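Reader: I would like a close look at a single part of this model, with its surroundings described residue by residue. Please begin with the part itself and widen the view from there.

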Amino acid sequence: MNIDQYNSAPVFSRRDGPLTPSEIQWVYSGVGAGVTDEMGGPRVEKVRKYFSSQKKKLKILDIGCCNGAILKQFRDQHELHGVDISEFLVQKAVEVGMNAKVHDTMRGPLPYEDGSFDAVFCGETIEHQVDTDWLILEMNRVLRVGGELVLTFPNIRTPLGIAMMLFFDLPPMFAARYRSCHFRDFTLRTMKMVLIRHGFRHKQSIGSSFYLPKIGEFWSGLATILPSWSMTVITVATKVENSKYTPADYKTDIRLY
C-alpha cells in the first residue's frame with residue numbers, strides 16, 4: 001500500500017458515522033509514517049536485554065509488532081512471530097525475518113492455538129485496546145504455563161504528568177485524552193492488578209527513563225529502580241494458570257480506591 005492509497009482509503013472520507021476504535025488505530029498506524037527501520041532508546045534497549053539473556057531458544061509472539069525492528073536482531077536466536085493491524089508494517093516485519101500476520105486485536109482472537117508460545121512481548125500496545133481484559137485473556141491463552149509475558153506501557157504517574165494536571169489543567173502525559181490513540185490509562189499498580197486477575201504472577205518491573213520537554217529522556221538508570229515514576233514501565237510476568245475472566249467480570253471494578 002503506497003501513500004496515495006492510504007490517503008484515499010474510505011476511512012478518511014466517509015461521513016456516515018463515527019470511527020470505530022479499530023479504525024482510529026489504523027489511522028494512526030497507517031503506512032508507518034515516522035516509523036524507522038531501526039528503533040532505540042532506553043525502553044527498547046531494556047526489552048532487548050531481557051530477550052538477549054534468554055539462553056534457551058524461545059518461540060516468541062510480538063503483539064503490535066510494527067515493522068519488527070525491536071526484536072529482529074533475535075531472529076537467529078529465537079523463533080519470532082508477530083501481529084499488527086497495519087498491512088504495510090506487517091510486510092516490513094516479514095522482510096526482516098518475522099513470521100508476521102495482519103490482525104486486529106479488537107476484532108477477534110489471536111490466530112494461534114492455546115499454549116503456542118514460550119514468551120509474549122506486547123510493547124506500547126495495551127493502552128490502544130478498549131477491552132483490556134480481552135487482550136490480556138488472549139495473551140494468557142496463547143502463552144504456555146510457565147511462559148513469560150513482557151509488557152511495556154506508558155505510565156501516567158510521572159512528575160511531568162502530575163505537573164500537567166496541577167499547574168496547566170491538562171491530562172497527564174500519555175493519558176487517553178482528546179484525539180489520543182490511547183484508550184486506557186495505566187500505572188504500575190493497576191497493571192499488577194490486571195495481571196493477577198488473569199493468571200499471571202508479577203516477576204519484575206523496571207522503568208525506562210524520565211522525560212521532560214526540550215530535554216528528552218534522562219536518568220535511565222534511576223528509572224530502572226523507580227518504575228512507578230518512570231515514563232514507560234517494562235513488566236515481566238509469569239503465567240501460572242489460565243485466565244478465568246468472563247464478560248460478566250467486566251461489571252466489577254478493580255478495587256484500588
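Author: Trp219 counts as exposed, because its relative accessibility is 57% and the cut-off for that class is over 50%. The model is a predicted one, and in it Trp219 lies in the loop between β8 (216-218) and α9. The backbone here deserves attention, since Trp219 has a positive phi of about 55 degrees although it is not a glycine. Most residues other than glycine have a negative phi.

The side chain of Trp219 belongs to a nonpolar surface patch of about 510 Å², which is made by Trp219 together with Leu222, Ile225, Leu226 and Trp229. One of these members, Ile225, is found in helix α9, which covers residues 220-225. Ile225 is exposed, with a relative accessible area of 63%.

Trp229, another member of the patch, leads to Arg157, a residue in the loop between β5 and α7. Leaving aside its neighbours within four places in sequence, Arg157 is in contact with Thr187, Ser228 and Trp229. With Ser228 the contact is also polar, for a distance of 3.1 Å joins the two side chains. Arg157 counts as partly exposed, at 34% relative accessibility. The C-alpha atom of Arg157 is separated by 8.2 Å from that of Phe186, although the two residues are 29 apart along the chain.

From Thr187, a contact of Arg157, the description can pass to helix α8, which spans residues 188-197 and has as its buried residues Leu188, Thr190, Met191, Val194 and Leu195. Seen down the axis of α8, these buried residues fall within an arc of 160 degrees, so they line one face of the helix. The face turned away from that buried side carries the exposed residues Arg189 and Ile196. On the buried side, the residues of α8 pack against two kinds of element, namely the helix α6 (132-142) and the strands β5 (143-154), β6 (200-207) and β9 (232-239). Just after α8, Gly199 takes a positive phi of about 80 degrees.

A positive phi is also found in the loop between α7 (159-168) and α8, where Asp169 lies. Phi of Asp169 is near 55 degrees, a positive value in a residue other than glycine. Asp169 counts as exposed, at 70% relative accessibility.

Strand β5, against which the buried residues of α8 pack, also takes part in a salt bridge. The side chains of Arg144 and Asp118 meet at 2.8 Å, N to O. Arg144 lies in strand β5 and Asp118 in strand β4 (residues 117-123), so the pair ties together parts that are 26 residues apart in sequence. At 32% relative accessibility, Arg144 counts as partly exposed.

The count comes to six salt bridges. Among them is the pair of Arg107 and Asp104, whose side chains meet at 3.3 Å, N to O. The two partners fall into opposite classes of accessibility: Arg107 counts as exposed at 61%, whereas Asp104 is buried, with a relative accessible area of 15%. Lys244 forms a salt bridge with Glu241, and the closest N and O atoms of that pair are 2.8 Å apart. Here Lys244 is exposed, with a relative accessible area of 59%, while Glu241 counts as partly exposed at 37% relative accessibility. Salt bridges that share partners also join Asp114, Glu138 and Arg141 into one network.

These local views can be set within the protein as a whole, whose secondary structure comes to nine helices and nine strands. Of its 257 residues, 50% count as buried. Among contacts between residues at least 6 apart in sequence, 67% join residues at least 24 apart. The protein exposes about 13,400 Å², and carbon and sulfur atoms supply 56% of that area.

How values were computed:
Residues are numbered from 1 along each chain as its sequence is written. Side-chain values use heavy atoms; hydrogens and water are left out. Patches are made of residues with over 30% relative accessible area and no salt bridge: like charges are joined within 9 Å, nonpolar side chains (Val, Leu, Ile, Met, Phe, Trp, Tyr) within 5 Å. Accessible areas come from the Shrake-Rupley method with a 1.4 Å probe; for residues, only the protein chains shown count as cover. A salt bridge is a side-chain nitrogen of Lys or Arg within 4 Å of a carboxyl oxygen of Asp or Glu. Helices (H or I, at least four residues) and strands (E, at least two) are DSSP runs, numbered from the N terminus. Buried means under 20% relative accessible area, exposed over 50%, partly exposed in between (1.4 Å probe, protein chains only). The arc is that of the directions from the helix axis to the C-beta atoms. Contact means heavy atoms within 4.5 Å. A polar contact is a pair of N or O atoms within 3.5 Å; within protein, one must be able to donate a hydrogen and the other to accept it, and residues adjacent in sequence count only if both atoms are side-chain atoms.
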